[in-house]
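Biologist: I would like to learn how to read ring pairs and burial in a model. Where should I begin?

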Amino acid sequence: MTTILRTPKGWPSILLARAGAKDPTDLDAAVKGGAFGGLRKAVHDLGPTGVIATLAASGLRGRGGAGFPTADKWRAAATTDAPRRYVVANGYGADPAVLTDRTLLETDPYAVIEGLAIAALAIDADEGFIAVRAEAGPAIRRLEAAIGAAEEAGFIGPDVLGSGLSVTVTVRPVQGAYMLGEETVLLKALEGKRGQPEQRPPYPAERGLFGMPTVVQNVQTLAAVPWILINGAEAFAAIGSKASPGTILVAVRGPGGAGIAEVPLGTPLREIVALAGGPKRARDAGGAGAKPGRGSDGALKAVLVGGPSGGLLPPDLLDTPYEFEALRKVGAHVGSGSVVAADQRACIVDLARLLTRFCADEACGKTIPCRIGTRRISEIGDRIAIGVPRPTDLQLLADLSADVVASALCDHERLATLPYASGMRYFRSELDDHILRSSCPAGVCRPIAVAAGAAH
């Protein structure tokens, strides 16, 4: 199991509050810890409109990366005329290096089940699915055991808490690629179709699974709902930042360690990097950091925020709040919930080309920007890294990236441009070293180093 990192004493715990349970599928222990209290309140006190109004007041936003207001999505699904509605909990975890969602499913499956049941009751759906990676064996087994126990106790099933309402919850193991992080692609996979995105609008809340209104939420979003109903919208809104309340799970990685942490949204990147030990002087880094070179003492060079399609940020942006708008403003995004710290041994050009190649390989190919544009960006990066760039490559990178962003069908294509876009924005001198001086300051791009040596 992934390491859960210790956080400062004053930080709240919503998503991982029951993570220390000896047996996460023990229903009695979970109920004693507060499980299904939110569902009781939803059924007996608030009702569908009260639940949605409470979520609206709380400011809860989706934790899947886009940060869309949860109440707006639920309201759209509830008010769209249709014979059936569905709820889909996205626990697939598209980024193979980030196990935040899987950690939540393994440590507290009841939180996700309860949140899904509340969502189903709020939009008048009688069926919900929890999408999980097919290879996530422990998560699947615990979810299935928890669903069975919850059904037997009457928390879900044909008569939820004696209300006469019915909610069926099913675990759906899915196999696919990085693109399954996009909600319309996930819905196609659940229907047994080829995983490619759909044009939006209409959005899944209006026409989703099997053509019916569907609420698709990340499992972290659903797990926060019961806490909000029990503790109140004001208590949740007081956590994190005004624009992005609450907490979120972040996968933190650096030379000093790695693990999962629950952090309040709006926490400065500096504090998040420090949770995993971070590179040396992560807490104090400012300005441009130490001078580059292989003899560096481990000073922070860059922070990758958002996963494979994330942005590479310099140390002088460590005070950037970890929240949706603030990260977008500096050229990164929440994405898969990944924060990776790189020290002076890392080469920005090499990092950007590896990330871009991954995004190009994972592109579904439905549109030209997806099929060709991302591949061409990757090829330009390869030329720069191996020491055979063309004089116009940087301008070509900028122009091509702009074209991909402007004409893309889904966020995968748009965000695949970020590694190089942020690299050109914050680490231009390192790209110039590769292109103009045929040298790699970090000593990573060996073909360049060999060519430079031969010239002497």
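Modeller: Begin with one residue and its burial. This is a predicted model, and in it Tyr178 is buried, with a relative accessible area of 12%.

Biologist: Is the ring partner of Tyr178, Phe358, buried or partly exposed?

Modeller: Phe358 is partly exposed, at a relative accessible area of 25%. The cut-off for buried is under 20%.

Biologist: How many aromatic pairs does a search of the whole structure find?

Modeller: The search finds 6 aromatic pairs. One of them joins Tyr86 and Phe210, with 5.8 Å from centre to centre and 65 degrees between the planes. Planes over 60 degrees apart count as edge-to-face, and the Tyr86 and Phe210 pair is edge-to-face.

Biologist: Why does the pair of Tyr86 and Phe210 tie together parts that are apart in sequence?

Modeller: Look at where each ring sits. Tyr86 is in strand S1 (residues 86-91), while Phe210 is in the loop between helix H7 (183-190) and strand S4 (214-218), so the pair ties together parts 124 residues apart in sequence. Tyr86 is buried, at 6% relative accessible area, whereas Phe210 is partly exposed, at 46%.

Biologist: What is the geometry of the pair formed by Tyr178 and Phe358?

Modeller: Tyr178 and Phe358 also make an edge-to-face pair, with 5.4 Å between centres and 75 degrees between planes. This pair links distant parts of the chain: Tyr178 is in the loop between strand S3 (168-174) and H7, and Phe358 is in helix H12 (residues 348-362), 180 residues apart.

Biologist: Which residues do ring pairs link into a cluster?

Modeller: Phe36, Tyr110 and Phe155 are linked into a cluster by ring pairs.

Biologist: Which residue lies over the face of Tyr92?

Modeller: A charged side chain can also sit over a ring. Here Arg133 lies over the face of Tyr92, 4.4 Å from the ring centre.

Biologist: Is Glu430 buried or exposed, and what does Glu430 touch?

Modeller: Read the burial and the contacts together. Glu430 lies in helix H17 (residues 428-436) and counts as buried, with 6% relative accessibility. Leaving out residues up to four places away in sequence, Glu430 touches Lys301, Ala346, Cys347, Ile348, Val349 and Pro441.

Biologist: Which domains does the assignment give?

Modeller: The domain assignment gives domain 1 (27-175 + 205-238), domain 2 (247-343) and domain 3 (348-455). Between the C-alpha centres of domain 1 and domain 3 there are 40 Å.

Terms used. Residues are numbered from 1 along each chain as its sequence is written. This is a predicted model: local features need pLDDT of at least 70, side-chain atom pairs count only at pLDDT 80 or more; totals for chains, interfaces and linings use all residues. Side-chain values use heavy atoms; hydrogens and water are left out. Rings of Phe, Tyr and Trp (its six-membered ring) pair if their centres lie within 6.5 Å; planes under 30 degrees apart count as stacked, over 60 as edge-to-face and the rest as tilted. Helices (H or I, at least four residues) and strands (E, at least two) are DSSP runs, numbered from the N terminus. Buried means under 20% relative accessible area, exposed over 50%, partly exposed in between (1.4 Å probe, protein chains only). A charge sits over a ring if NZ of Lys or CZ of Arg is within 6 Å of the ring centre and within 35 degrees of the ring normal. Contact means heavy atoms within 4.5 Å. Domain bounds come from an automatic or database domain assignment.
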